[in-house]
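Okay, thanks for squeezing me in, everyone. I'll put the structure up and then walk through the bits I'd like you to look at.

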Amino acid sequence: MIHAFRFQDLNVLLDVESGAIHTLDDAAFAVVQALESGKDAYSIGVKNETVAEVIADLNELRENGAYEAEAGNAPEVTGGTAIKSMCLHVAHDCNLRCRYCFASTGDFHGARMLMTPETGRRALDFLIQRSGTRKHLEVDLFGGEPLMNWDVCKQLVAYGRELERKHGKVIHFTITTNCVALDDEKIDFINREMHNVVISLDGRKEVHDALRPTVNGKGSFDIILRNAQKLVATRGDREYYIRGTFTRNNLDFLEDVKALTGYGFHQISIEPVVLPEESPYSLKEEHLLRIDREYDALAEYYVNARKGRDTWFNYFHFMFDPEGGPCLRKRINGCGAGTEYIAVTPDGDLYPCHQFVGMSEWKLGNLDSPDLRTDLQKSFLGCNVCTKEICRNCWAKYYCSGGCMANAVLYGGALEHPHEISCHLMRKRTECAIGAYVKER
Amino acid sequence: MKHVQIIQKPCIKSGNHTACGECQASCQSACKTSCTVANQKCAKEEK
Ligand code: SF4
Ligand code: SF4
């Protein structure tokens, strides 16, 4: 399978199974498109001699496994279905009332509550027990807003460090926070202990404040910006992301990326909101062309900005490292929800991932009863880019890895039916990521 | 080749010595909604 597309002034060809990438001149692009659509390449108005040269070039690529390559062999993951990654919902409460919040402003459609240290410790014990031979584990301190349960966060990191020593594991702690309750002590701790920090900030003040009020109904932009800048300024080279959300209210989200770079941030991720169609903020089919144009404009801005030392920044979905990227099995298996990834609520309930929390039919179990629902786990295990027909035939499959399973259930109708709007956006971003990579070579 | 320029040779790693399962779960990275593996790293390559 191949995918040929235009990116700015380039004709780009991706060979899906091998991951090889080529650029084509206009004649070759026309020939490739003709061949893909089953037309006779000698009848498309390109000189016969040129068509023959292009076909010779393609044959040479094919011999080198770089055009229409066969799928590689992807062994099953060593050690089977170990759990290596945990989303710890330390707080089902939040100090903001974001209008697009998937977690119903922090309570996940249940009671507002905090995780006790015991539950947190039992969750970490569970992770260690279930991690098998995996050495590298990940724990995200998540909410709601995790800083609302700060003492427990610190206790759990200390406990995690004990477990690392005892069991010879490495735990990468991360935190996903709105920064509202940040202070110097928390910044020091986070910069010392957290492998990554994900900070939610949407971009322009008016965009952010319109959808992210505090409990008292005031805008949260000023305090978040001040605290996030302080954290990032003292973070050195350690990972962080400014993670914004765009809705139908700011389809011009390039302006939000520009605003974030202007505030001094260099690691940026602005994501499309995913909400039910009837929500006043949801993205619908009628918005897609406009969003595509915005991604194109963002890609152009990104490529140019990265030429300058002072203007350089990373955009999460345009980051693309073909040589250092994951192996085929990882690309097939995807996010690992319900198999290698699990979410734990304040009352110890276990779910396939943070987005399933509160959907009782998807509850995998509870820390009190160590047996997980194997029928559900099997469904997740059996749901990957090879088993889902739509993914199997999708050129973006090894970059997308099958999409978000929670979004599939919520908005696609079933685990096996990816959310189509998300697919469209994923393909567009992947073209931009590959195109930007080619431009930078 | 006259009409094609190779930018990236075949690069998707497969077969023996892959699938160790040590790399980051992709949803644990930045977004927590729209997963991707395009920007994920192989833990072996990171060492
Ligand atoms: S660390 Fe590398 S080889 Fe191991 S599963 Fe992840 S991507 Fe594959
Ligand atoms: S873009 Fe959609 S169809 Fe393609 S691999 Fe991802 S989820 Fe599957």
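So, the shell around ligand 1: by class, that's seven nonpolar residues, two polar and no charged ones. Keep in mind that this is a predicted model. Who's in that shell? From chain A there's A:Pro326 and A:Cys327, and from chain B there's B:Thr18, B:Ala19, B:Cys20, B:Gly21, B:Cys23, B:Cys42 and B:Ala43. Chains A and B both put residues around ligand 1, so the site is shared between chains. One of those residues, B:Cys20, comes out as partly exposed, with a relative accessible area of 25%.

On to ligand 2. Where does ligand 2 sit? In the second largest cavity. The residues around ligand 2 are A:Ile390, A:Cys391, A:Cys394, A:Lys397, A:Cys400, A:Gly402, A:Gly403, A:Pro418, A:Cys423 and A:Arg427. Sorted by class, the shell of ligand 2 has six nonpolar, two polar and two charged residues. If you want to find the shell by secondary structure, go to helix 12 (389-392), helix 13 (397-400) and helix 15 (420-440) of chain A, each of which supplies at least two residues.

While you're around there, have a look at A:Ser401. A:Ser401 is in the loop between helix 13 and helix 14 (405-412) of chain A. Its phi is positive, about 65 degrees, and it's not a glycine. Buried or exposed, this A:Ser401? Buried, at 4% relative accessibility.

There's another one like that, A:Glu68, with a positive phi of about 50 degrees, again not a glycine. You'll find A:Glu68 in the loop between helix 2 (48-63) and strand 4 (85-89) of chain A. A:Glu68 counts as partly exposed, with a relative accessibility of 34%. And for the backbone people, there's a cis peptide bond between A:Gly143 and A:Gly144, with omega about 15 degrees. A:Gly144 belongs to the loop between strand 7 (136-142) and helix 4 (150-167) of chain A. Why flag these at all? Because most residues other than glycine have a negative phi, and most peptide bonds are trans.

Now, cysteines. How many disulfides over all chains? Zero, by the rule used here. Just so we're talking about the same thing, a disulfide is a covalent bond between the sulfur atoms of two cysteines. Take A:Cys383: the closest cysteine sulfur to its own is the one in A:Cys391, 7.5 Å away, so that's too far for a bond. The cut-off for a disulfide is sulfur atoms within 2.5 Å. A:Cys383 is also buried, with a relative accessible area of 5%. And its partner in that distance, A:Cys391, is one of the residues around ligand 2.

A:Cys94 is the other cysteine I picked. A:Cys94 lies in the loop between strand 5 (91-92) and strand 6 (113-114) of chain A, and it's buried at 12% relative accessibility. Setting aside neighbours within four places in sequence, its contacts include A:Thr105, A:Arg112, A:Met148 and A:Val215. A:Gly144, the glycine from the cis peptide bond, is among those contacts too.

A few more positions, in chain A. A:Thr23 sits in strand 3 (residues 21-24) and is buried, with a relative accessible area of 9%. Which residues does A:Thr23 touch, not counting those up to four places away in sequence? On chain A, that's A:Leu10, A:Asn11 and A:Val438, and on chain B, B:His3, B:Val4, B:Gln5 and B:Ile7.

A:Ser85, in strand 4, has a relative accessible area of 0%, so it's buried. C-alpha to C-alpha, A:Ser85 is 9.9 Å from A:Cys353, and the two are 268 residues apart in sequence. Then A:Glu440, in helix 15, is partly exposed at 40% relative accessibility. Its C-alpha is 8.8 Å from that of A:Arg306, with the two positions 134 residues apart along the chain.

Last stop, helix 5 (residues 184-193) of chain A. The buried residues there are A:Lys186, A:Ile187, A:Phe189, A:Ile190, A:Asn191 and A:Glu193. And what covers them? The cover includes helix 4, strand 8 (170-177), strand 9 (196-200) and helix 7 (221-233) of chain A. That's my tour, thanks.

Conventions
Residues are numbered from 1 along each chain as its sequence is written. Chains are lettered from A and ligands numbered from 1 in the order in which they are written. This is a predicted model: local features need pLDDT of at least 70, side-chain atom pairs count only at pLDDT 80 or more; totals for chains, interfaces and linings use all residues. Side-chain values use heavy atoms; hydrogens and water are left out. A residue is near a molecule or strand if one of its heavy atoms lies within 4 Å of it. On a 1 Å grid over the protein atoms alone, a cavity is a set of points where a 1.4 Å probe fits but cannot get out, and a pocket is an open set with protein on both sides within 12 Å along at least five of seven lines; lining residues have an atom within 4 Å of a point. A molecule sits in a cavity or pocket if more than half of its atoms lie within 2 Å of its grid points. Helices (H or I, at least four residues) and strands (E, at least two) are DSSP runs, numbered from the N terminus. Ala, Val, Leu, Ile, Met, Phe, Trp, Tyr, Cys and Pro count as nonpolar, Asp, Glu, Lys and Arg as charged, and the others, Gly among them, as polar. Buried means under 20% relative accessible area, exposed over 50%, partly exposed in between (1.4 Å probe, protein chains only). Contact means heavy atoms within 4.5 Å.
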